Amino acid sequence: MTSLSSSAAAARATFLPSSCRARPAGGRRSQLLVTRAAASSPKLPGGRKLRVAVVGGGPAGGAAAEALAKGGVETVLIERKMDNCKPCGGAIPLCMVSEFDLPLDLVDRRVTKMKMISPSNVAVDIGRTLAPHEYIGMVRREVLDDFLRNRAQKAGAEVLNGLFLRYEAPKERNGTYTVHYNHYDSSNGKVGGEKRSFEVDAIVGADGANSRVAKDMGAGDYEYAIAFQERVKIPDDKMRYYEERAEMYVGDDVSPDFYGWVFPKCDHVAVGTGTVTHKADIKKFQAATRLRAKDKIEGGKIIRVEAHPIPEHPRPKRVSGRVTLVGDAAGYVTKCSGEGIYFAAKSGRMCAEAIVAGSANGTRLVDESDLRKYLAEFDRLYWPTYKVLDILQKVFYRSNAAREAFVEMCADDYVQRMTFDSYLYKRVVPGNPIEDIKLAVNTIGSLVRATALRREMGKLTL
Amino acid sequence: MAMATSTFSPHPLSLKPQLGPRPHRLHLAPFPRLRSHRRLAAAGEAPVEAPPKPAEADPSPAASNGSAAAAPAAAAPAAPVAAAKAEAVASPKFQDSRWVNGTWDLSRFGNTGGAVDWDAVIDAEARRRKWLEDSPEASSSEDAVVFDTSIIPWWAWIKRFHLPEAEKLNGRAAMVGFFMAYFVDSLTGVGLVDQMGNFFCKTLLFVAVAGVLLVRKNEDIDNLKKLIDESTFYDKQWQSTWQDDSPSGPKK
Ligand SMILES: Cc1cc2nc3c(=O)[nH]c(=O)nc-3n(C[C@H](O)[C@H](O)[C@H](O)COP(=O)(O)OP(=O)(O)OC[C@H]3O[C@@H](n4cnc5c(N)ncnc54)[C@H](O)[C@@H]3O)c2cc1C
């Protein structure tokens, strides 16, 4: 992989002609990867199947375990809490429902109006351009995660209730990994569980933001945002407003670098906000979010308060030997929108598919290059999406003036259609050059006006 | 990843100075009179119905100097402002007789000629935004904000912000922005522009870079390195997986 060192150099050097520019992943690089595992890696002895441990039973783990089991790999999934209710907004794109064959009753709410509210309370309803069958699905994580795990089990995966503790890397080249965990057995009512271990050929770390697998493999840290969320049960008449609507608030008051939200759940709403840069002030931002939504959630009772880290970017290392990371453990949450469920499930499935292919349906041993194929493919497919959202966040969440311009931009039908298409279907639709030029002119106009106004605000004393 | 915080953090550099009052080139505008008059009028527009009289009665010469102007301007209509503040504690909702049904009632912004005094609209909106920044308000669907800054004609902005702003608006800045988009992109070493067969994303990228230039302070534009670091940092985070396996590559 000598081309990689040159790509690193290219990233640092300036004024390189575009022809020697590096690509993020995939492209030239994927062609360079040698396809060999299935052909040349050793066949497993005694006709036994490849054994893989999936640590964590969130969307990433559930999707990975299912695809592994379906592909003929002997799969064990460890989840520490079967009824885990992960703190999460629970918004999923439409394509997730079809790609993962989710039954429609899993979707509590179908949001067709996303209200975006600027610091000066200009509100824009995004969703005017949606076709009648299009919506953003709102799910409860305890329901979604349970569904995906059950399906993995039906496909043949063994689902264990236990807390993963650590793993031991093999001493010899093609040796096995030892997974140590705390086995929870509800039948004997023993608290604390019982220490157990088993041997596997590969490990998929799907254990979320505080991943122990990542720690064991020395994957390095990522910068993270802290997200805070309150579940609020609001009166029925108020709930009607949120029937098919979600709200996003932007402004320095609700978050210096993210947004505050009100997302509808089955019978309550989730009110929350997040920040990377001012974590200590999160309570203040939450109060501000509550205040901005005041009229609409007044009289509500807080039934649950939760907080959780959200990764900002992938970990420096996502694979080591036959251990790899997927979902939040790897760091696949987008900037700007904070979306991670779909990418978790998708990365889990892609990783599993790479293992299945590399092991020739579980008959041969895999090696690091097989796991790297999943990484290359994931980066190739989604890196541009992550990058665009990173840019958008940097530009439009940087000040109240920029946020005003952002909301103005979102009022545009063309912008709405394009963003919804890319969000709902995770595909890039070719735009319309004329509309694009209009958009560029309008948005720059918005930015100029907002900046000019801010300049005036700077001179005012109230 | 200590770097993450410093690079990602939303630019206290560009945030801070713009929030507080700062001496700005605008104050050296060629028409200090006009400017001071406007400033005073603006200060008189307290969210309670303040008689604009005291403001007009004081065409303070000191107002030609930016920082000094603020003082007399604030002092002149002192009483109504204080009253407003006191009231603000009880009910911090923004109020202005010309703010009707979520927008500025343009008929109340007529100048003597009967045409809309756009400058006054700009003042009023700046004031409203500042007010909301200091005391954010609940958003309400019954009482929605429908005011859109784009109803203010472009020439009103140009006239108002003559030199510096007009300069930014003209083709030069746009050209700089356009080339910067491609330039920065090629520096990231990953060719986002090339890679995206999608014109919409290219537009976003272009707007984004232009936006960075516009929203930033002029001085920052000179600080090219920071801009580049900022736009390449995220790429490095993604690429690091691909770097540490090359024997000669930099270890992260
Ligand atoms: C407040 C908040 C709101 C969000 N809103 C949205 C949204 O609206 N839409 C969206 O798409 N994304 C959202 N996200 C992001 C999304 O929640 C994550 O990206 C997604 O859950 C990642 O899934 P995962 O399977 O990788 O990890 P997780 O969902 O974190 O799952 C990890 C699983 O591993 C288990 N586990 C952890 N450690 C161990 C161990 N040692 N042993 C055994 N099991 C273990 C955990 O119990 C858990 O079940 C939000 C995040 C937060 C914090």
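# Questions about a predicted model

Colleague: Hello! To start with this predicted model, is B:Trp104 buried or exposed?
Modeller: A residue counts as buried when its relative accessible area is under 20%. B:Trp104 has 2% relative accessibility, so the residue is buried.

Colleague: And how does B:Trp99 count, as buried or exposed?
Modeller: We can apply that cut-off of 20% again. The relative accessibility of B:Trp99 is 17%, which means that B:Trp99 counts as buried.

Colleague: How many aromatic pairs does the structure hold, and how are the rings of A:Tyr342 and A:Phe343 arranged?
Modeller: Over all chains, there are 22 aromatic pairs. For A:Tyr342 and A:Phe343, the ring centres are 5.6 Å apart and the planes stand at 75°. Planes over 60 degrees apart count as edge-to-face. The total is therefore 22 pairs, and this pair is edge-to-face.

Colleague: Are A:Tyr342 and A:Phe343 buried or exposed, and what is the angle between the planes of B:Trp99 and B:Trp104?
Modeller: A:Tyr342 and A:Phe343 are both buried. The rings of B:Trp99 and B:Trp104 have centres 4.9 Å apart, and their pair is edge-to-face because of the angle between their planes, 70°.

Colleague: Which residues of chain B belong to the aromatic cluster that holds A:Tyr342 and A:Phe343?
Modeller: The cluster takes in A:Tyr342 and A:Phe343 along with A:Tyr332, A:Phe378, A:Tyr382 and A:Tyr386. From chain B it includes B:Tyr234 and B:Trp238.

Colleague: Let's turn to the ligand. Where does the ligand lie with respect to domain 1 and domain 2 of chain A?
Modeller: Domain 1 of chain A is made of 44-90 + 140-222 + 318-382, and domain 2 spans 224-311. Both give residues to the shell around the ligand, so the ligand lies between domain 1 and domain 2.

Colleague: Which element gives the largest share of that shell?
Modeller: Several elements of chain A each supply at least two residues, among them helix H4 (59-70), strand E2 (74-79) and helix H11 (341-358). Strand E8 (158-168) is also in that group. The largest share, three residues, comes from E8(A).

Colleague: How many residues of the shell are charged?
Modeller: There are 36 residues around the ligand, and those that come nearest include A:Glu79, A:Lys86 and A:Asp328. Sorted by class, the shell has 16 nonpolar and twelve polar residues, and the number of charged ones is eight.

Colleague: Which polar atoms of the protein approach the ligand, and what percentage of its accessible area does the protein cover?
Modeller: The side chain of A:Asn84 has an N or O atom 3.2 Å from an oxygen atom of the ligand. A backbone N or O atom of A:Gly89 is 2.7 Å from a nitrogen atom of the ligand. A polar backbone atom of A:Ile341 is 3.0 Å from an oxygen atom of the ligand. Of the 1,000 Å² of accessible area that the ligand has on its own, the protein covers 96%.

Colleague: What does the side chain of A:Arg109 contact, and at what distances?
Modeller: A:Arg109 sits in strand E4 of chain A. With a relative accessible area of 12%, A:Arg109 is buried. Its side chain makes a polar contact with the side chain of A:Glu243 at 3.3 Å. The side chain of A:Arg109 also reaches the backbone oxygen of A:Lys265, at 2.8 Å.

Colleague: Which residue has its backbone oxygen 2.8 Å from a polar atom of the side chain of A:Thr273?
Modeller: A:Thr273 belongs to strand E15 (residues 269-275) of chain A. Its relative accessibility is 0%, so A:Thr273 counts as buried. The backbone oxygen 2.8 Å from its side-chain polar atom is that of A:Val254.

Colleague: What is phi of A:Asp101, and is the residue buried or exposed?
Modeller: Most residues other than glycine have a negative phi. A:Asp101 is in the loop between helix H5 (94-99) and strand E4 (107-111) of chain A. Its phi is positive, near 45°, and with a relative accessible area of 58% A:Asp101 is exposed.

Colleague: What is phi of A:Ala360?
Modeller: A:Ala360 is in the loop between H11 and helix H12 (368-396) of chain A. At 28% relative accessibility, A:Ala360 counts as partly exposed. Although this residue is not a glycine, its phi is positive, at about 50°.

Conventions:
Residues numbered from 1 in each chain as written. Chains lettered and ligands numbered in written order. Predicted model: local features only at pLDDT ≥ 70, side-chain atom pairs only at ≥ 80, totals over all residues. Heavy atoms only, no water. Near = heavy atom within 4 Å. Polar contact = N/O pair within 3.5 Å; in protein donor to acceptor, adjacent residues only side chain to side chain. Areas by Shrake-Rupley, 256 points an atom, 1.4 Å probe, with all protein chains shown as cover. Helix = DSSP H or I, 4+ residues; strand = E, 2+ residues; numbered from the N terminus. Nonpolar A, V, L, I, M, F, W, Y, C, P; charged D, E, K, R; others polar. Domains from an automatic or database assignment. Phe/Tyr/Trp six-rings, centres within 6.5 Å; stacked < 30°, edge-to-face > 60°. Buried < 20%, exposed > 50% of the residue type's maximum accessible area, 1.4 Å probe, protein only.
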